[in-house]
Amino acid sequence: MTQAYHADSSDLAEKEVLTWEQFGTASRELAQTIADSDFAPEIIIAIARGGLLPAGSLSYALGLKLSDAINVEFYTDVHETLPDPVLLAPMLDTESIAGKRLLVVDDVADSGRTLALVLDLLRETGADARSAVLYAKSASVVAPDFAWRRTDRWIVFPWSAEPPVTPSA
């Protein structure tokens with residue numbers, strides 16, 4: 001098994017730091033914004049890995065039991081990406097969500113290219129796919145339908161603020 005890379009941002013002077021407590025507040029506030037909108041999702045789709053925790057939190061806050069995930073790799077380090085986002089196995093069962101109202105959730109719309117890839121894929125199935133992120137950046141090629149905050153700083157999320165654990169000696 002390959003260990004997932006942890007991006008160390010300790011050398012960045014300017015960054016946005018989200019704590020676990022703030023994440024709880026952000027999730028509830030984002031859920032309220034979605035609930036107050038004219039969109040009632042049937043299924044939440046998390047963009048793994050960054051969107052897994054926000055999607056799980058939103059599924060509880062919105063009372064939605066149906067959820068799934070799509071695996072996409074793009075960032076390889078702080079401010080370093082692959083040339084294009086890449087879908088990874090296992091693949092999402094797009095047949096079962098065709099024509100449904102989907103809420104696609106990620107942690108951040110940075111360049112927006114990952115979000116654009118996923119939204120295009122899901123919309124090709126006839127789904128009404130909308131997006132929700134904790135943070136949106138001005139450079140994103142996609143304007144998320146729902147965003148908790150906007151920033152152009154690097155964001156340190158509580159689930160990736162520390163390096164992965166390793167076996168004890």
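## Strand β2 and its pairing with β5

In this predicted model, strands β2 and β5 run parallel to each other and are joined by four bridges. One point of register is I45, which stands opposite V104 in β5. The two strands span residues 43–48 and 101–109 respectively.

Six of the six residues of β2 are buried, which leaves the strand mostly covered. The burial applies to both faces: I43, I45 and I47 lie on one side, and I44, A46 and A48 lie on the other.

## Helix α1

Helix α1 covers residues 20–35. With 16 residues, α1 reaches 22 Å from its first C-alpha to its last, close to the 22 Å expected at 1.5 Å a residue. The buried positions of α1 are F23, A26, S27, L30, A31 and I34. Viewed down the helix axis, these buried residues fall within an arc of 130°, so they line one face of α1. An α-helix has 3.6 residues a turn, so residues three or four places apart point the same way.

E21 and R28 are exposed on the other side of α1. The elements that cover the buried residues of α1 include α2, β5, β6 and β7.

## Helix α2 and the loop after it

Helix α2 runs over residues 52–61, and its buried residues are P54, A55, L58 and S59. Their directions fall within an arc of 135° when seen down the axis of α2, so these residues too line one face of their helix. Among the elements covering them are α1, β2, β5 and β6. Helix α1 thus appears in the cover of α2, and α2 appears in the cover of α1.

After α2 comes G63, which has a positive phi, near 70°. K65 belongs to the loop that connects α2 to β3 (67–77). Is K65 buried or exposed? Its relative accessibility is 81%, above the 50% cut-off, so K65 counts as exposed. In sequence K65 is 21 residues from I44, while their C-alpha atoms are 8.5 Å apart in space. I44 itself is one of the buried residues of β2.

## Aromatic pairs around Y135

The structure holds six aromatic pairs. In one of them, the ring centres of Y135 and W148 are 5.7 Å apart and the ring planes meet at 80°, so the pair is edge-to-face. This pair links distant parts of the chain, with Y135 in strand β6 and W148 in strand β7 (residues 146–150), 13 residues apart. Y135 is buried, at a relative accessible area of 0%. W148 is also buried, at 14%.

Y135 has a second partner in F157: the ring centres are 5.9 Å apart and the planes are at 65°, so this pair is edge-to-face as well. Y135 lies in strand β6 and F157 in the segment after β8 (154–156), so the pair ties together parts that are 22 residues apart in sequence. F157 is buried, with a relative accessible area of 5%.

## The aromatic cluster

Which residues form the aromatic cluster? W20, F23, Y135, W148, F157 and W159 make up one cluster. Among its members, F23 is one of the buried residues of α1. Y135 brings in strand β6 and W148 brings in strand β7. Both β6 and β7 are among the elements that cover the buried residues of α1.

Methods. Residues are numbered from 1 along each chain as its sequence is written. This is a predicted model: local features need pLDDT of at least 70, side-chain atom pairs count only at pLDDT 80 or more; totals for chains, interfaces and linings use all residues. Side-chain values use heavy atoms; hydrogens and water are left out. Buried means under 20% relative accessible area, exposed over 50%, partly exposed in between (1.4 Å probe, protein chains only). The arc is that of the directions from the helix axis to the C-beta atoms. Contact means heavy atoms within 4.5 Å. Two strands pair if DSSP finds at least two bridges between them. Rings of Phe, Tyr and Trp (its six-membered ring) pair if their centres lie within 6.5 Å; planes under 30 degrees apart count as stacked, over 60 as edge-to-face and the rest as tilted. The expected span of a helix is 1.5 Å times one less than its number of residues.
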